[in-house]
Amino acid sequence: MKRHALLRLATALAFLLIGALPLHAQSMAITNVRIIGPNATVIERGTIVIRDGKIASVEPIGTSKPGGIADSAIIDAKGMTAMPGFIDAHRHINTGPNEKAQMQAQLEAGYTTILSGGGPADGNITLRNNIESRRINGPRIIPSGQVRLNQHTPESAREEIRKMAAMGVKFTGEIALTPVPGPTEQEVQVLRAVVDEGKKAGVMVQVHAVSTPAMMAAVSAGVPLLVHLPNKDFTSVEDAKKIAASGTKILATIGFGAPVFGVFANDNKPRFRDGKDWPQSIVGGVRLGEEAGYMPVNARTVWDAGAILGYCTDTTYDPLAGLEHELKSFNMMFSMKDMIQIMGPNTASYIQMGDQLGTIEVGKIADIILLDGDPLEGYWNWLKTKVTIKGGVVVVDKR
């Protein structure tokens with residue numbers, strides 16, 4: 001009995017030591033899988049080979065085993081679907097006591113990359129470092145830093161951008177502009193300084209413009225990134241075309257004004273995104289939940305004008321519930337094929353990683369999820385992540 005107890009203890013210690021070591025990407029293959037490729041092209045039954053954390057090949061299934069891959073490193077997907085890992089380009093995250101559970105939930109929902117929506121840059125960096133050092137399991141974190149226009153002169157705002165760059169932060173958090181009647185001249189002057197300094201320092205500027213006047217002021221100031229669509233008015237086709245022509249990229253947050261159910265309590269009562277009553281508690285004072293109509297229509301308007309529309313949740317609650325809420329809202333205005341473009345290459349482009357993420361293609365980072373269903377059939381199948389692979393490493397396996 002003592003010998004068996006010692007053996008069990010030794011085995012447990014061995015697993016603990018293995019878990020403490022850095023986890024490196026290995027060669028692996030995913031076989032017998034439906035593959036959603038660029039432009040929603042489909043390989044009904046194929047194989048994806050991963051080497052050194054990147055996609056080495058994507059092919060229809062052959063008769064022979066992929067060369068150089070150990071049997072233990074072959075995942076038989078058994079008819080599941082492979083998609084690029086989800087990217088949330090605007091979610092409010094930071095380090096904290098619950099980060100381990102929160103980041104694990106992100107991975108289980110299928111998210112492999114998150115651009116922080118704001119908050120102190122040092123907390124974003126700590127969270128990123130905790131994941132990269134394997135203290136916790138989580139998606140790739142891209143930090144951002146705060147800039148409040150009403151607290152700065154043009155020169156002090158430039159200094160804030162230089163500080164961000166020195167910390168290695170490549171994105172501002174959401175920079176708010178006065179929505180109604182529109183931004184002040186002082187705000188615009190400071191914003192222009194931020195944009196100019198951002199170009200010099202390599203910091204991408206993100207603006208929170210919740211009305212069309214604020215959005216167009218940001219576009220005129222040369223802002224490259226807008227964290228979501230206006231939720232206070234309808235955007236005209238003419239303004240949408242100006243956005244497209246400028247090259248400014250915009251995120252949808254299409255479900256912002258739509259009520260949520262079953263997230264905060266299972267009482268069949270509509271709630272806003274913070275859990276309070278809908279619509280009267282919606283931030284910003286828009287009447288009767290009009291955001292629920294403005295944002296979906298604006299999404300379709302800018303999309304049809306040719307602007308680059310990406311995906312985010314702008315939430316702090318459960319990642320799977322947030323994903324479902326956004327997908328349901330997208331489903332009113334977009335096809336599944338459109339949503340694959342929006343959530344994949346468009347969002348990867350927004351976070352400046354279009355050459356590395358967003359599609360399952362040779363040479364890209366192996367961020368892949370396996371879904372138990374066909375995403376082209378309906379958004380509900382996007383909620384069935386069984387396996388999450390980040391950088392060529394299996395970080396979730398719920399098969």
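**Exercise 1. A parallel pair**

In what sense do strand β7 and β8 pair, and over how many bridges?

*Solution.* The model is a predicted one.
Step 1. Locate the strand: β7 covers residues 111-116.
Step 2. Read the pairing. β7 and β8 pair in the parallel sense, over three bridges.
Step 3. Pick out a partner. Ile114 has Ile141 in β8 as its bridge partner.

**Exercise 2. The sheet and its helix**

Determine the strand order of the open sheet that contains β6, β7 and β8. Then find which helix packs on the sheet.

*Solution.*
Step 1. Three strands make up this open sheet, and their order is β6-β7-β8. The pairing is parallel.
Step 2. Find the edges. These are β6 (86-91) and β8 (140-142), each of which pairs on one side only.
Step 3. Take the angle between neighbours. With direction ignored, neighbouring strands are turned by 15 degrees against each other on average.
Step 4. Add the helix. α10 (residues 336-350) packs on the sheet and touches β6 and β7. The direction of α10 makes about 45 degrees with that of β6.

**Exercise 3. The two faces of α7**

Which residues of helix α7 (residues 237-246) are buried, and why do they line one face of the helix?

*Solution.*
Step 1. Apply the cut-off: buried means under 20% relative accessible area. Asp239, Ala240 and Ile243 are buried in α7.
Step 2. Look down the axis of α7. The buried residues fall within an arc of 105 degrees, so they line one face of the helix.
Step 3. Recall the helix geometry. An α-helix has 3.6 residues a turn, so residues three or four places apart point the same way.
Step 4. Turn to the face away from the buried side. There α7 carries the exposed residues Glu238, Lys241, Lys242 and Ala245.
Step 5. Name the packing partners. The buried residues of α7 pack against α6 (212-220) and α8 (291-304).
Step 6. Move past the helix end. Gly247 follows α7, and its phi is positive, near 85 degrees.

**Exercise 4. A loop residue**

Is Ala265 buried, exposed or partly exposed?

*Solution.*
Step 1. Place the residue. Ala265 sits in the loop between β12 (249-251) and α8.
Step 2. Classify it. Ala265 has 27% relative accessibility, so it counts as partly exposed.
Step 3. Check a distance. Gly275 is 10 residues from Ala265 along the chain, and their C-alpha atoms are separated by 8.6 Å.

**Exercise 5. Internal space**

How many cavities of 30 Å³ or more does a search of the whole structure find, and which residues line the largest cavity?

*Solution.*
Step 1. Count. The search finds one such cavity.
Step 2. Give the volume. The largest cavity holds about 40 Å³ of space.
Step 3. List the lining: Pro84, Gly85, Leu357, Gly358, Thr359, Ile365 and Asp367.

Terms used. Residues are numbered from 1 along each chain as its sequence is written. This is a predicted model: local features need pLDDT of at least 70, side-chain atom pairs count only at pLDDT 80 or more; totals for chains, interfaces and linings use all residues. Side-chain values use heavy atoms; hydrogens and water are left out. Buried means under 20% relative accessible area, exposed over 50%, partly exposed in between (1.4 Å probe, protein chains only). Helices (H or I, at least four residues) and strands (E, at least two) are DSSP runs, numbered from the N terminus. The arc is that of the directions from the helix axis to the C-beta atoms. Contact means heavy atoms within 4.5 Å. Two strands pair if DSSP finds at least two bridges between them. Axes are lines fitted to C-alpha atoms, for helices over the stretch in contact, and angles run from 0 to 180 degrees between N-to-C directions. On a 1 Å grid over the protein atoms alone, a cavity is a set of points where a 1.4 Å probe fits but cannot get out, and a pocket is an open set with protein on both sides within 12 Å along at least five of seven lines; lining residues have an atom within 4 Å of a point. Grid points are joined across faces, edges and corners, and a volume is the space filled by probe spheres set on the points.
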